[in-house]
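Here is a friendly walk through one chain, with the sequence and model side by side. Let's look at how its sheet and its cores are put together.

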Amino acid sequence: MSSEEKQFHCEGCGVKLQSESPDHLGYAPPSAFEREYILCKRCYRIRHYGEIASISQNPDEYLKKLGEIANTDSLVVQVIDLFDFSGSWIPGIHRHIGKNPLLILANKTDLFPKLTKWGRVREWIYALAKELGMKPLDVVLTSAVKGTKMEEAIAAIEHHRRGKDVYIVGTTNAGKSTFINRLIRDLEGSFEDVITTSPYPGTTLDMIRIPLDDGKSLIDTPGIVRSDRLSEWMTPEELKVVVPADTVKPRGYQLQDQQTIFLGGMIRIDYVKGERQSFVCYTSNPLYIHRTKSENADRIAGEQRGKLLVPPADPSRLPAWVKHDIHLNGQEKQDIVISGLGWISTGSEKATIRVWAPKGVQVTTRKAII
């Protein structure tokens, strides 16, 4: 009987396995089907050689799979990248999950400064979820990479699932698979990852069911693709610079009007009008930030994007820049959020800011989170 007929699935990414076409998704050599745990060629090379390759993804197909949850009686756990909350929220999630209850796991707390007021952050998440049309059962702040608050996360899932299946959902790179691997390691005392993870979006390709002791399952789902995040436009190598891997060290700049800062060659921020005030960048530590006079910004952008101002190495891969005019209200500190990159916390002075970002990338403001 062939692998196609038996419909084996990769233990690492969930894709349907086949042994006929080495260049297509799901390929595993015939000898692999004799093992207890079978990995496709792609997962094997990610795990053993650190290879990361982009793949052709069908966002509509992933949304269709997500929509199947509405027909189940389950607990839904949405893993949010707390460092990119708006960019990692699944738009219209209430329609996809139907009447199933929602638990929010706010992941990547390890990226935030130690002095972060977590009680305030938790209330901020509740308020934002309500604005987005959801009333979660609970919000758990955690770090899957560091194992922070894992006991609390496990207890919350067990309490709220009430003997039901659990669907883990999220956008690409929110940390779903990392969380599940940590959960399994903590529960079983093992040290080996079950699900393949990588910094490149779209590593999980299909549903992965993990049996629970009571006969129910924990189900990892493919990450939902959001093209309005800057990170979605980066190569695997550039993601190592753009996506934070360690606690972010805020970088502050005292700016006056007619000054500009570049975030690599991806974003340009012009301080158009206002009193001198601080701008604190919460972005990945390796990301290069360049400050200059606004009168020189056009020339520097033309000469240095892809050279001094990187990533991207090839600016032509990104959509053309479009401007976003932002007016700070002068009543409180605000964050200028670039989805998939981070945010810039402003002072409390009234001001006009112009952000240049690739067309389609989400640029928003919010009350300062820190």
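## A helix across the sheet

In this predicted model, helix α10 (residues 294–304) lies across β8 (259–263), β9 (267–274), β11 and β12. Relative to β11, α10 runs at about 125 degrees.

Those four strands are found in an open sheet of 5 strands, ordered β11-β8-β9-β15-β12 with antiparallel pairing. At the edges are β11 (289–293) and β12 (321–328), each of which pairs on one side only. From one strand to the next, the twist averages 20 degrees.

If you follow β12 to its partner, you reach β15 (residues 351–358), joined to β12 by 8 bridges in an antiparallel arrangement. Ile326 stands opposite Ile353 of β15.

## Two nonpolar cores

In soluble globular proteins, nonpolar side chains tend to be buried together. The largest nonpolar core here has 32 residues, and the members touching the most others are Leu82, Trp89, Ile93, Ile104, Ile125 and Val169. Two or more residues each come from β1 (74–81), α5 (93–97), β2 (102–107), α6 (118–131), β3 (138–141) and β4 (165–169). The largest share, 4 residues, is that of α6.

Ile93 touches Gln78, Leu102, Met134 and Val169, leaving aside residues up to four places away in sequence. Another core, of 29 residues, lies apart from the largest one and includes Leu287, Ile336, Val361 and Val363.

## A buried isoleucine in α8

Is Ile184 of the model buried or exposed? Ile184 counts as buried because its relative accessibility is 6%, under the 20% cut-off. This residue is part of helix α8 (residues 176–188). Between the C-alpha atoms of Ile184 and Ile210 there are 9.3 Å, with the two residues 26 apart along the chain.

Definitions and conventions
Residues numbered from 1 in each chain as written. Predicted model: local features only at pLDDT ≥ 70, side-chain atom pairs only at ≥ 80, totals over all residues. Heavy atoms only, no water. Core = buried A, V, L, I, M, F, W, Y, C linked by side-chain atoms within 4.5 Å. Buried < 20%, exposed > 50% of the residue type's maximum accessible area, 1.4 Å probe, protein only. Contact = heavy atoms within 4.5 Å. Pairing = 2+ DSSP bridges. Axes fitted to C-alpha atoms, helices over the stretch in contact; angles between N-to-C directions.
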